[in-house]
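User: I'm new to this one and would like a close look at a single part of it. Could you pick out one loop residue, tell me how it sits, and then work outward from there to the rest of the chain?

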Amino acid sequence: MEIKSDYNLSSFNTFGIEAKAKLFVEINQESEITELFSLPQFKNNKKMFLGGGSNVLFTKDFDGIVILNKLKGIEIIQENSDHVFVRSMGGEIWHDLVIFCVEKGYWGIENLSLIPGTVGAAPMQNIGAYGGELSKTLKSVEAYNIESKGKKIFSTEECELGYRDSVFKNSLKNKYFITAITLELSKVEKKNLKYKILSDFLENNNITVKSSRDISDAVSEIRRSKLPDPKVLGNAGSFFKNVFLHKVKDQEKIQTLTENYPTIPIFDEGEYFKIPSAWLIEQSGWKGKREGAVGVHEKQALVIVNYGGANGEEVLDLVQKVIEAVKEKFKLELFPEVNIV
């Protein structure tokens, strides 16, 4: 384990933003964690845990220590005729875990294919896409407390998972280092085709789903057609959360929106109605719009892109303009999914 100084983070964030960390260290073995937690460089500095850097926007250098999770390993720890428990270390690439599972015929995370980032970041965000969400399969999260150096296994309930949210983004933010997660997956077919874009794609391409791999391949193809590759065009995937309005508390607002905008897409999510933020951004005139080195992607309005050479402040400035435009037109507020540093 080597702690490096004045470390360039441009290759550790998918926006490709030039930013430096005062100190930087990679964790490759679980035994290194408690050792690191005891060092003065760790104790006496601000801390940031980093995985794939796919959910972060650096607006300035980080005046502290960045800890990169490089813990590797995927294993089956328990199974019966219907279910299997898969444990993955936090430094694994999320999509690699998906491929491991679908190649074995397991069901549960195939709709989450090609989501960028690492396994350790997945429960922080409660990642979700195409009708799937991590909360539906997450069994436990293993993490080390940075103060006590003790290891805790969090149950699904203790993770307090919400829409792109968890206890690790709120009351326990920067207090635990996530080392591994365990998923409970099905060995019995469990198709999740409720998401219209996915079901339409399968129908239009005459694809009959015979395995979880079929869904994984379809989701991956859809994502590639809509979302830019961060290696080619810097981005952090969906920058904004969708908008949720309470059916009772926001009844007047919902009625006004449907009266003023008859074509507004609204989806029933139980206690709430969901409005896609991509539609709001597009209707506000920002889809495909570019300002200097930054812009809103031409195919997916949720994606903010770095065309090359942009700094974090320029990206943030564009983000704030998009938020203001939507607020002015629809009286709705957008909130970033991305962690702004």
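Analyst: Let's start with N126, in the loop between α4 and β8, the strand at 128–129. Bear in mind throughout that this is a predicted model. What stands out about N126 is its backbone: phi is positive, about 50°, although the residue is not a glycine. Is N126 buried or exposed? Its relative accessibility is 1%, and since anything under 20% is called buried, N126 counts as buried.

There's another residue to hold up beside it. K331 also has a positive phi without being a glycine, this time about 60°. K331 sits in a loop too, the one between α9 and β20. But its surroundings tell another story: with a relative accessible area of 59%, K331 is exposed, because the mark for that is over 50%.

Now look around each of these loops. Helix α4 covers 122–125, and the loop leading from α3 (94–103) to α4 holds T118. At 6% relative accessibility, T118 counts as buried. What does T118 touch, once its neighbours within four places in sequence are set aside? The list is G51, G52, G90, G91, E92, I93 and W94.

Over at the K331 loop, you'll also find E337, between α9 (312–330) and β20 (339–340). E337 has 12% relative accessibility, so it falls under the 20% cut-off and counts as buried. Leaving out neighbours within four places, its contacts are N55, Q125, R164, K169, S238, F239, F240 and K241. Notice Q125 in that list: helix α4 spans 122–125, so by that numbering this contact brings us back to the helix beside our starting loop.

Helix α9 itself gives us K327. K327 counts as partly exposed, at 38% relative accessibility. Its contacts beyond four places in sequence are L332 and E333. How far is K327 from I127, C-alpha to C-alpha? The two are 26 Å apart in space and 200 residues apart in sequence.

Next, the rings. The whole structure has 14 aromatic pairs. One of them is F12 with F24, a tilted pair with 5.2 Å between the centres and 40° between the planes. This pair links distant parts of the chain, 12 residues apart: F12 is in the loop between β1 (4–8) and β2 (20–27), while F24 is in strand β2. Both rings are on buried residues. Another pair, F154 with F168, is edge-to-face, at 5.1 Å centre to centre with 80° between the planes. F154 belongs to strand β11 (151–155) and F168 to the loop between β11 and β12 (176–186), so this pair ties together parts 14 residues apart in sequence. F154 and F168 are both buried as well. Going back to F12 and F24, they form one aromatic cluster with Y7.

Some rings have a charge above them. K46 puts its charged end over the ring of F62, 5.5 Å from the centre. K247 lies over the face of F273, at 5.0 Å from the ring centre.

What about cysteines? The disulfide count is zero. For C101, the nearest cysteine sulfur is that of C159, 18 Å away, and a disulfide needs sulfurs within 2.5 Å, so C101 is in none. C101 counts as buried, at 1% relative accessibility. C159 is likewise in no disulfide, and it is buried, with a relative accessible area of 0%.

Finally, step back to the whole chain. It has nine helices and 20 strands. Its radius of gyration is 21 Å, close to the 20 Å the globule rule gives for 341 residues, so the chain is as compact as a globular protein of that length. Along the principal axes, the C-alpha atoms fill a box of roughly 60 × 55 × 40 Å. Of the 341 residues, 49% count as buried, N126 being one of the buried ones. Take the contacts between residues at least 6 apart in sequence: 62% of them join residues at least 24 apart. The accessible surface comes to about 16,200 Å², with 46% of it belonging to carbon and sulfur atoms.

Key
Residues numbered from 1 in each chain as written. Predicted model: local features only at pLDDT ≥ 70, side-chain atom pairs only at ≥ 80, totals over all residues. Heavy atoms only, no water. Helix = DSSP H or I, 4+ residues; strand = E, 2+ residues; numbered from the N terminus. Buried < 20%, exposed > 50% of the residue type's maximum accessible area, 1.4 Å probe, protein only. Contact = heavy atoms within 4.5 Å. Phe/Tyr/Trp six-rings, centres within 6.5 Å; stacked < 30°, edge-to-face > 60°. Lys NZ or Arg CZ within 6 Å of the ring centre and 35° of its normal. Rg over C-alpha atoms; globule rule 2.2 N^0.38 Å. Areas by Shrake-Rupley, 256 points an atom, 1.4 Å probe, with all protein chains shown as cover.
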